[in-house]
Amino acid sequence: MQWEIVIGLEVHAQLSTHSKIFSGASTAYGAPPNTQACVIDLALPGVLPVLNKGAVERAIKFGLSVGAKINSPSIFARKNYFYPDLPKGYQISQYELPVVQGGTIAIQVDGAEKIVRLTRAHLEEDAGKSLHEDFHGMSGIDLNRAGTPLLEIVSEPDMRSSAEAVAYAKTLHALVRWIGICDGNMQEGSFRCDANVSVRPRGTEKLGTRCEIKNLNSFRFLEKAIDYEARRQIEILEDGGSIRQETRLYDANKDETRTMRSKEDANDYRYFPDPDLLPVEISTSWIEQVKSALPELPQARRDRYVSEFALSAYDAAVLTGSREMADYFEAAIRELPTQAKLCANWIMGEISAQLNKEGIDITACPINPAQLAALLKRIGDGTISGKAAKTVFESLWNGELDKNADAIIEAKGLKQISDDSAIEKIVDQVLAANAQQVADYRAGKEKAFNSLVGQIMKATQGKANPAQVNAMLKKKLDG
Amino acid sequence: MTLSVSDVKRIADLAYIEIDDNEAKETLTQLSGIFNLIESMQAVDTSTVEPMSHAQSVVQRLREDEVTETDQRELYQSIAPQVEAGLYLVPQVIE
C-alpha cells in the first residue's frame, strides 16, 4: 500500500523581551540558577501577574506578518498540570481567543511554492528547568526560565514530507528573526519544534492517529525524527497493528523515537480563563502602529528580487534567508546596480562559504558590501579575471591594504591584459615557438588548442583575458 | 450529565487531591447538585449574550517591558526546605 505522511508542527518561539511575560524579572540567558526568579515566578502566595506589553506587541507583529486575524479581546487561561518546574501548578497560556488566529506561511520545496496554513499562535509562559543528576535522589529546580514569554505557533496538518516540515520550520525561523521577535537560537532553546506525525493510505481523507514528537532542537533532528516516526507507524499498520496516540521523544544518538507518555486529552488540563488576568484589548490603532513599523517581509523581498533584479526564485530565496544577508545584498547592489547577479553569486558563493568556514554570521563579515562591490566592479569591467578576483577576495578578507580592492590589484599585479595588441604579440610569439602544435591542431587535434591557450596564459602569468585569448587564437589558427 | 464515582476520582487525581471512597461518594452528591444547577441554567436562552471571560468588564493593564526585579535568591531560598548550588531541591520526578 502507498502511504501518505501527514505532519503538523508546533513551534515555541521564545520572545525577545527583556523581562518576563508576567513579572519584571530578567530573561537574559545563562545567569546563575534562580537569580532571575522573583516572587511571581516562584508563585509565592498573594502575587499577581501583570502582562508585558512587549510580549503582546511581538505576537501582534507575528500575526500581521502571516496575514492572520488579531483577536481582541484576547484572553489568558490556566492550563493545569503538576510538575515542580511549574510552581503554580498551572501554566498561564491561551485557549480560547489567542492573540493570533489563522494566517499562512509560503514555503519553497523543490522549486515549487506551497502554502501552509496556521491554526493559531498564542502567548504563554515557559516553565523552569529540572535537573535530575546527582542531588542525593532529589531533583534540582532552576526557575530562571519560568515565566519567559513564548509564542506557540501551531500549523494545520498541511505538510506531507519531512522535507516540507523542515522547509516550513526554516521559513518560520527566518521570519521570527526577520521581524525581530525571537533570536532563533536553537542551542539555547529559543526556537523549539514539536512535530505531530500520522500516516494514512494515499488517496484517503481521514487522518490517522497521530503521535507528537517533542523538543526537536535542530532542523536535522526534525527531519530524521519525522522519517523514523513515519516508518515506525507504517510498519505497525502494515503488520495489522494500530497506533496509540502518545507523546514521544526523539533520541538523536540512536536515531529513534520512544514513548514519553500517553497523550492527555485537552480536557485533562482543565483549561479555564485565568481570573488573575483581565481580557486584553488590542486596539485598531495599536495594530496600525505595529503594522507601520514592520519591515518589508521576506516574501515581498523575494518577489522584488525576481522582478527588479531578474534573479532566479532560488537565488532570491537564499538571499532572503535572513534579513542581514538581504540587507548586505542590497547594500552591495546600491554600489553596483547593474551587476545584481554577480553580487548574488559572490554573496551566496565566496562570502557564504568563508562565513561558514569561520562559523560567523554575515553581520561579522570582515568585508563590507561597499568593499565587495569595489572588487566586483573590477570583474565587471574586465580589469581582473574571475581567478584573480579570488586572490583579491582573500586579501580583502585578511584585511590587507585597508581592504581596498584597487590597491590590492595594483600591488599584486593582478590586472588582466585586455589590450588586443598586447595579447596579439604574445599569441604570435607562442605560435612561432610551437610550430608542431599548430600543425597538430590544423590536422584536427583539438587538444593542441588547449595546450596553446595554456602556454599563452603562462607567458602572461595568467593575466591575459582568457576570452580574448581564445577568440584571437581561433582567428589566427582557423584564419 | 451524570457523574460517576470514577469520574470524581479521576478529577481528584488530576487535581492532586487525595480522597477516600466515602469522600468520593459525598463529593459525587455535591458535584451532581452543581451539575443540576448548571443544567437548569442551560434552559436560559443566551444566544444573544456575549460570553464573559471575567467577572468585571474592565481590560487588562499592560506593563512596559522593563526589568524591575533584582536578584533576591538568598532571601527567597531562606524559607525553602532544601537548596543546593542555587537550586531548589524537590523529591525526584522523572516520568
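What follows walks through the domains of chain A, the build of chain B, how the two chains meet, and a few helices and sheets along the way. The model is a predicted one.

Starting with chain A, the chain breaks up into three domains: domain 1 covers 3-286, domain 2 covers 296-412 and domain 3 covers 420-478. Between the C-alpha centres of domain 1 and domain 3 of chain A there is a separation of 65 Å.

Two helices of chain A can be checked for their span. Helix α2(A), running over residues 53-65, holds 13 residues and covers 18 Å from its first C-alpha to its last, close to the expected 18 Å at 1.5 Å a residue. As for its surroundings, 12 of the 13 residues of α2(A) are buried, so the helix is largely enclosed by the rest of the structure. The buried residues include nonpolar names such as V56(A), I60(A), F62(A) and L64(A), but E57(A), R58(A) and K61(A) are buried as well. After α2(A) comes G67(A), with a positive phi near 65°. Helix α15(A), at residues 447-459, gives a similar check: its 13 residues should span 18 Å at 1.5 Å a residue, and the end C-alpha atoms sit 19 Å apart, which agrees. Here the residue that follows the helix is Q461(A), and its phi is positive too, near 55°.

Chain A also has a sheet of its own. Strands β5, β4 and β16 of chain A line up in the order β5-β4-β16 as an open, antiparallel sheet of three strands. Its edges are β5 (90-93) and β16 (272-273) of chain A, each of which pairs on one side only. Strand β4(A), residues 77-80, is joined to β16(A) by two bridges in the antiparallel sense. One position can be pinned down here: A77(A) has P273(A) in β16(A) as its bridge partner.

Turning to chain B, the count is three helices and three strands, laid out along the sequence as α-α-β-α-β-β. The radius of gyration of chain B comes to 23 Å, well over the 12 Å that the globule rule gives for 95 residues, so the chain is more spread out than a compact globule. Its C-alpha trace spans about 55 × 45 × 25 Å along the principal axes. Of the 95 residues in chain B, 6% are buried.

The two chains meet through 32 residues of chain B, which are in contact with 44 residues of chain A. On the chain B side, β1 (62-63), α3 (73-77) and β3 each supply at least two of the residues that touch chain A. The most comes from β3(B), with five residues. By type, this side of chain B divides into 15 nonpolar, seven polar and 10 charged residues.

Strand β3(B) also turns up in a sheet built from both chains. Four strands form this open sheet, in the order β9(A)-β10(A)-β3(B)-β2(B), with antiparallel pairing. Strands β9 (129-135) of chain A and β2 (83-84) of chain B are the edges, each pairing on one side only. The link across the chains is made by β10(A), residues 138-142, and β3(B), residues 87-91, which pair in the antiparallel sense over four bridges. Within that pair of strands, M138(A) stands opposite P91(B).

Note on methods: Residues numbered from 1 in each chain as written. Chains lettered and ligands numbered in written order. Predicted model: local features only at pLDDT ≥ 70, side-chain atom pairs only at ≥ 80, totals over all residues. Expected span 1.5 Å × (residues − 1). Buried ≥ 20, exposed ≤ 12 C-beta atoms within 10 Å, placed from the backbone. Pairing = 2+ DSSP bridges. Domains from an automatic or database assignment. Rg over C-alpha atoms; globule rule 2.2 N^0.38 Å. Contact = placed C-beta atoms within 7 Å.
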